[in-house]
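The exercises below are meant to be worked with the model open beside the text. Try each task before reading the solution that follows it.

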Amino acid sequence: LSPWWINHFENQALVHFQHRTVAYAVLLLVLYLYMAVPNAGADRPAFVALFTMMGLTLTQFVLGIVTARLVEVSGFDAAYVTGSGVSMSALGAPDMGALSFGEILDRVRRICDAVSIPVIADADTGYGNELNVVRTVREYERRGVAGLHLEDQGFPKKCGHLDDKEIVPRADWLAKIRAAASARTNPDFTIIARTDARAKMGFDE
């Protein structure tokens, strides 16, 4: 039998080798994803065009560049930036309104630069009133986003999977949707109206 200290160092060397192997594997994956998307950041088809061609489009949530490239090389036609995923990865906290507009905008920009498929982005409640919604739409458009969704929650908003959400009056929400539609410079920029009314008020509402 080998002395205990030899076994100890052999085990340490094995652990070091395993960690280094994992690091190399991650590096190779990132390089592959980089090379697999040669037109990243280039002009991408409008998200609305997918509906015209296919009628129904399956997207996948992404929270950063690596997940966005994985979605693209896996054959999905669009990527959907999840506010909950970004909040968890950036802040280590659930999606309860703590993520700022600037933080999500920076993440969205990086994702759009990394892929050539349409990117839909979570815009929460527009980060304020109708004036904030106008700015949100225009900044998302400048970063290459193909569309966004707006929610009808009050502040602080929460991820749709969480309980105790507050819903704003219908007129207030519709005013934000109209502001978003009028703010876009590209008519193909998609505005998705997402409601949490069923969980709070029932399906009929």
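**Exercise 1. Determine how helix α3 passes α5, and which residues make the contact.**

Step 1. Helix α3 passes α5 in a right-handed crossing, where right-handed means that the near helix is turned clockwise from the far one, and left-handed that it is turned anticlockwise by less than a right angle. The contact is made by Ile-65, Ala-68, Arg-69 and Glu-72 on the side of α3 and by Arg-110, Ile-111 and Ala-114 on the side of α5, contact meaning heavy atoms within 4.5 Å.

Step 2. By class, these residues of α3 and α5 divide into four nonpolar, no polar and three charged, given that Ala, Val, Leu, Ile, Met, Phe, Trp, Tyr, Cys and Pro count as nonpolar, Asp, Glu, Lys and Arg as charged, and the others, Gly among them, as polar.

Step 3. Helix α3 covers residues 65-73, and its axis lies 9 Å from that of α5 at an angle of about 35°; axes are lines fitted to C-alpha atoms, for helices over the stretch in contact, and angles run from 0 to 180 degrees between N-to-C directions. Helices (H or I, at least four residues) and strands (E, at least two) are DSSP runs, numbered from the N terminus.

The model is a predicted one, in which local features need pLDDT of at least 70 and side-chain atom pairs count only at pLDDT 80 or more, while totals for chains, interfaces and linings use all residues. Residues are numbered from 1 along each chain as its sequence is written, and side-chain values use heavy atoms, with hydrogens and water left out.

**Exercise 2. Classify Arg-110 and Val-73 as buried, partly exposed or exposed.**

Step 1. Arg-110 lies in helix α5, residues 101-114, and Val-73 has its place in helix α3.

Step 2. Arg-110 has a relative accessible area of 42% and is therefore partly exposed, since buried means under 20% relative accessible area, exposed over 50%, and partly exposed in between (1.4 Å probe, protein chains only). Val-73, with 32%, is also partly exposed.

Step 3. For the spatial setting, the C-alpha atoms of Arg-110 and Gly-64 are separated by 7.8 Å, although their positions lie 46 residues apart along the chain when counted as sequence separation. Val-73 and Val-115, 42 residues apart in sequence, are 9.5 Å apart from C-alpha to C-alpha.

**Exercise 3. Reconstruct the sheet: find the strand order, the edge strands and the sense of pairing.**

Step 1. Five strands form an open sheet in the order β1-β2-β3-β4-β5, with parallel pairing; two strands pair if DSSP finds at least two bridges between them. The edge strands, each pairing on one side only, are β1 (60-62) and β5 (190-194), and neighbouring strands are turned by 30° against each other on average, direction ignored.

Step 2. Strand β2 (residues 79-81) is joined to β3 by three bridges, with Val-81 and Ala-121 as bridge partners. Three bridges also pair β3 with β4, residues 147-151, where Ile-120 has Gly-147 as its partner. Between β4 and β5 there are five bridges, and His-149 stands opposite Ile-192.

Step 3. Helix α5 packs on this sheet, touching β1, β2 and β3, and its direction makes about 170° with that of β3.

Step 4. In β3 (residues 119-122), Val-119 and Ala-121 point one way and Ile-120 and Asp-122 the other way, and all of them are buried.

**Exercise 4. Describe the packing of α6 with α7, and state whether Thr-136 is buried or exposed.**

Step 1. Helix α6 (residues 130-142) and helix α7 (residues 170-183) pack at about 40°, with axes 8 Å apart, and α6 passes α7 in a right-handed crossing. Among the contact residues are Val-133, Val-134 and Val-137 of α6 and Ala-175, Ala-179 and Ala-180 of α7; the full contact has seven nonpolar, no polar and four charged residues.

Step 2. Thr-136 is found in α6 and counts as buried, because its relative accessibility is 2%. Leaving aside residues up to four places away in sequence, Thr-136 touches Phe-101, Ala-123, Gly-126, Tyr-127 and Leu-148.
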